[in-house]
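Below is a short note to accompany the model. The points run from the whole chain to single residues.

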Amino acid sequence: MAMELSTTSIVLILLLAMSHKAQSADIDIKKFGGAPNADITQAFISAWKEACAATSATKIVIPRGIYKMREVDVKGPCKAPIEIQVDGTIQAPADPKQLNGAYQWVKIGYVSHFTFSGHGVFDGQGANAWKQNDCGLNKNCVRHSMNFGFNFLNHSIVRDITSKDSKNFHVNVLACNNFTFDGFKVSAPASSINTDGIHIGRSTDIKILNTNIGTGDDCVSLGDGNNHIVVQNVKCGPGHGISVGSLGRYDNEKPVEDFLVKNVTLTNTDNGVRIKTWPSYPGVTTVTNMHFEDITMVNVRNPIIIDQEYCPWNQCSKQKPSKVKISQVFFKNIKGTSLTKEGVTLICSSGVPCEGVELNEINLTFNGAPVTAKCSNVHPKITGKAPACAA
């Protein structure tokens, strides 16, 4: 009987090993002619097609080396999970025109159980695009390509990849569900224009964890229609901080609900944690259940800010108040240094004043002295140490 059990165990182990091997089939980019110092656009697309058609889990491997790649747009649905493991550096064309007007350089959509892994770098080579960016003056400006577009992905993860010098936003997340960034890195100089690190729109259950973001615009920004978003153990700087919005500029915007920012350090950023909405625009929506806690500010210009008169480059008037209703916003255990005396600015809408705003243990200093708070159309609850509002 003991011999029968031993034999059975061996058979089971062999079957499991065979099953695991079948589930981890690799497709090296070299199979389709992808080689270092060459263009791998078609090789990448061909590898995706094969992986997407496979009936068992498949990994596309791009090994160490420097590669060139033009715009790619790959999508599912696929028959089994796919992983892309990148350990090399992939470069976009330096000339923005060579991406043929693509909204995103690397666009991946309509798949479930997708993994993007490895220690590779996607280099958008954005310096030329930043010089050409006149969107602050021209409403009809040319929008250059983002590094990544993740659209309609479910139960997926991006792990350890680096996005470098994107021509526009680094990452746009649209209509995704249960999607995680873990150990992700964004790298661009403070002078890079409109290079939001991770922008999220109309998505649910998105997590940004253990991530370092340095760029020329918001480190993380939320558009409309988001709920259950977590930003935790993240370092931000340089950049414009972590922002909800801007909102209210367009009709039919969806609510933003349940946002947690926790254990975050912001260093040398223009803003810390911010909610921004446009005045004199038609958008009507709500922002509720925002939690900003256990945050360290290091030389941040505007550490805590609600701005319902957001109007950059004079693109609007402030004659009519914002129609975006903000409620249940909690700032808790926020410490560090501010570059301005008014370290807390809560400018809410006169049309729909903020409700349920709480300041709890706010220990921010300016030149060694506690910061002050400026408030309008809001009566925050003060708990523990926090600056009192001045009109």
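1. What radius of gyration would a compact globule of 391 residues have, and what does the protein chain have? The model is a predicted one. For 391 residues the rule for a compact globule gives a radius of gyration near 21 Å, and the protein chain, at 23 Å, agrees with that. Its C-alpha trace spans about 80 × 60 × 40 Å along the principal axes.

2. In secondary structure, the protein chain has 31 strands and 3 helices. Contacts between residues at least 6 apart in sequence join residues at least 24 apart in 75% of cases.

3. On burial and surface: 49% of the 391 residues of the protein chain count as buried. The exposed area is about 17,300 Å², and carbon and sulfur atoms supply 52% of it. The protein chain carries 38 positive and 33 negative charges, and the mean positions of the two sets are 3 Å apart.

4. One position carries an annotation. UniProt, in an unreviewed entry, places the feature "active site" at His-240. In the model, His-240 sits in the loop that runs between strand E19 (227-236) and strand E20 (242-247). Its relative accessibility is 23%, so His-240 counts as partly exposed, the limit for buried being under 20%.

5. Which residues does His-240 contact, leaving aside its neighbours within four places in sequence? They are Gly-216, Asp-217 and Asp-218, together with Asp-270, Asn-271 and Arg-274. One of these contacts, Asp-270, also serves as a reference point for Asn-210: the two residues are 60 apart in sequence, and their C-alpha atoms are 22 Å apart in space.

6. Asn-210 belongs to strand E17 (residues 204-214). It counts as partly exposed because its relative accessibility is 41%. Not counting residues up to four places away in sequence, Asn-210 touches Asp-182, Gly-183 and Phe-184, as well as Gln-232, Asn-233 and Val-234.

7. Is Thr-115 buried or exposed? Thr-115 has a relative accessibility of 17% and therefore counts as buried. The residue is part of strand E8 (residues 114-117). With residues up to four places away in sequence not counted, Thr-115 touches Ile-82, Glu-83 and Ile-84, and also Ile-157 and Arg-159.

Terms used:
Residues are numbered from 1 along each chain as its sequence is written. This is a predicted model: local features need pLDDT of at least 70, side-chain atom pairs count only at pLDDT 80 or more; totals for chains, interfaces and linings use all residues. Side-chain values use heavy atoms; hydrogens and water are left out. Helices (H or I, at least four residues) and strands (E, at least two) are DSSP runs, numbered from the N terminus. The radius of gyration is taken over C-alpha atoms; the globule rule is 2.2 Å times the number of residues to the power 0.38. Buried means under 20% relative accessible area, exposed over 50%, partly exposed in between (1.4 Å probe, protein chains only). Contact means heavy atoms within 4.5 Å. Accessible areas come from the Shrake-Rupley method with a 1.4 Å probe; for residues, only the protein chains shown count as cover. Lys and Arg count as positive and Asp and Glu as negative; His and the chain ends are not counted. The place of a charge is taken as NZ of Lys, CZ of Arg, CG of Asp or CD of Glu. UniProt positions are given in the numbering used here, feature names are shortened, and annotations may be inferred rather than shown by experiment.
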